[in-house]
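Please find below a short note on the structure, set out as numbered points for discussion.

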Amino acid sequence: SEQIAWRKSAVLFDQTHHMDELIVEGPDAATFLEHVGINSFANFDLNRAKHFVPVTPAGHVIGDMIIFREREDKFILVGRAPTANWVKFQAAINKYRVRLTHDPRSDSRPDGRAIYRTHYRFQIQGPNAEKVITKLNGGPLPPIKFFNMGHINIGKRRVDALRHGMAGAPGLEVFGPYAEGDEVKAAILEAGKEFGIVPCGLGARNTLRMEAAMPLYGHEIHASITPWEAGLDWIVKLDKGEFLGRDALVRQKEKGIARKLI
């Protein structure tokens, strides 16, 4: 029913608990992150998001996160733990003027303990997502380009929104203070009833990768794969100057791709 909903109606993905969040801020935040990542920040304006991919000095992929630019000196990275840990390590061994705040993913077995996060994070996706979002907002949405951020109304709240798409149609990822999450989630589900919205769990969500022919490998494979082999060559910006792993990536490119994920 969840898989059918993202093809025929709408789904609400609750991404609040299964990803790490790492806030990087300070006068050297942009310089530091460009040193660690393989992509360029040349056109990375405020209220935008992009993929952030770091590699080891040998040029092997650590992982990836989605990075949001909230201020000139503040970035929020959201994704898997290995990448967050690598960024923390690089901040510890280098002398950049940055401050990191790490909010790890929620414990999957809390044994009755209360769980708190910095932010809630929901996605409204599917062919009816636009109708749900328009109803929530009380009118048409302001134009928000893909992977750009804006704001919409949900109930009594004015929430941050990222234009995103994971179910074959444009949708939004909305986020805000964790304490407001239950209120916002209830408002989304209530507004979405007439459009067939269904809460979608992580197990069903992961099958989207199969539909998109994306590999379902674990973290371990990244320890021996290059950006070229992983199909991330569009992110690599060798001309942005020196950065961690650049020399290895240059050698890899000259050598050519010996294998590729399928």
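The points below concern a predicted model and take up its sheets, one helix packing and its aromatic contacts.

1. The strand order of the open sheet deserves attention. Six strands make up this sheet, arranged as 8-9-10-7-1-11, and their pairing is mixed. Strand 8 (149-154) and strand 11 (197-200) each have a single partner strand and stand at the edges, so one side of each is left without a neighbour in the sheet. From one strand to the next, the twist averages 30°.

2. Within this sheet, strand 9 (residues 157-164) and strand 10 (residues 171-177) run antiparallel and are joined by 5 bridges. Leucine 162 has glutamate 173 of strand 10 opposite.

3. Helix 5 (residues 181-192) packs on the sheet, where its contacts are with strand 1 (10-14), strand 7 (119-125), strand 8, strand 9, strand 10 and strand 11. The direction of helix 5 makes about 15° with that of strand 7.

4. Strand 4 (residues 65-71) pairs with two strands described here. With strand 3 (residues 48-52) the pairing is antiparallel and comprises 5 bridges; phenylalanine 52 stands opposite methionine 65 of strand 4. With strand 5 (residues 74-79) the pairing is again antiparallel, over 6 bridges, and phenylalanine 68 has isoleucine 76 in strand 5 as its bridge partner. A hairpin of 2 residues connects strand 4 to strand 5. Strand 4 is mostly covered, with 5 of its 7 residues buried.

5. Aromatic pairs number 8 in the whole structure. In one of them, tryptophan 86 and phenylalanine 89, the ring centres lie 5.8 Å apart and the planes meet at 45°. Why is this pair called tilted? Planes under 30 degrees apart count as stacked and those over 60 as edge-to-face, so an angle in between is classed as tilted.

6. The setting of this pair is helix 3 (residues 81-93), in which tryptophan 86 and phenylalanine 89 are 3 residues apart and thus separated by about one helical turn. Are the two side chains buried or exposed? Tryptophan 86 is buried, at a relative accessible area of 16%, whereas phenylalanine 89 counts as partly exposed at 42% relative accessibility.

7. Further ring contacts should be noted. Phe41, Phe44 and Phe75 are linked into a cluster by ring pairs. Arginine 121 lies over the face of phenylalanine 175, at 4.6 Å from the ring centre. The charged end of lysine 240 is placed over the ring of phenylalanine 243, 4.6 Å from its centre.

Methods
Residues numbered from 1 in each chain as written. Predicted model: local features only at pLDDT ≥ 70, side-chain atom pairs only at ≥ 80, totals over all residues. Heavy atoms only, no water. Pairing = 2+ DSSP bridges. Helix = DSSP H or I, 4+ residues; strand = E, 2+ residues; numbered from the N terminus. Axes fitted to C-alpha atoms, helices over the stretch in contact; angles between N-to-C directions. Contact = heavy atoms within 4.5 Å. Buried < 20%, exposed > 50% of the residue type's maximum accessible area, 1.4 Å probe, protein only. Phe/Tyr/Trp six-rings, centres within 6.5 Å; stacked < 30°, edge-to-face > 60°. Lys NZ or Arg CZ within 6 Å of the ring centre and 35° of its normal.
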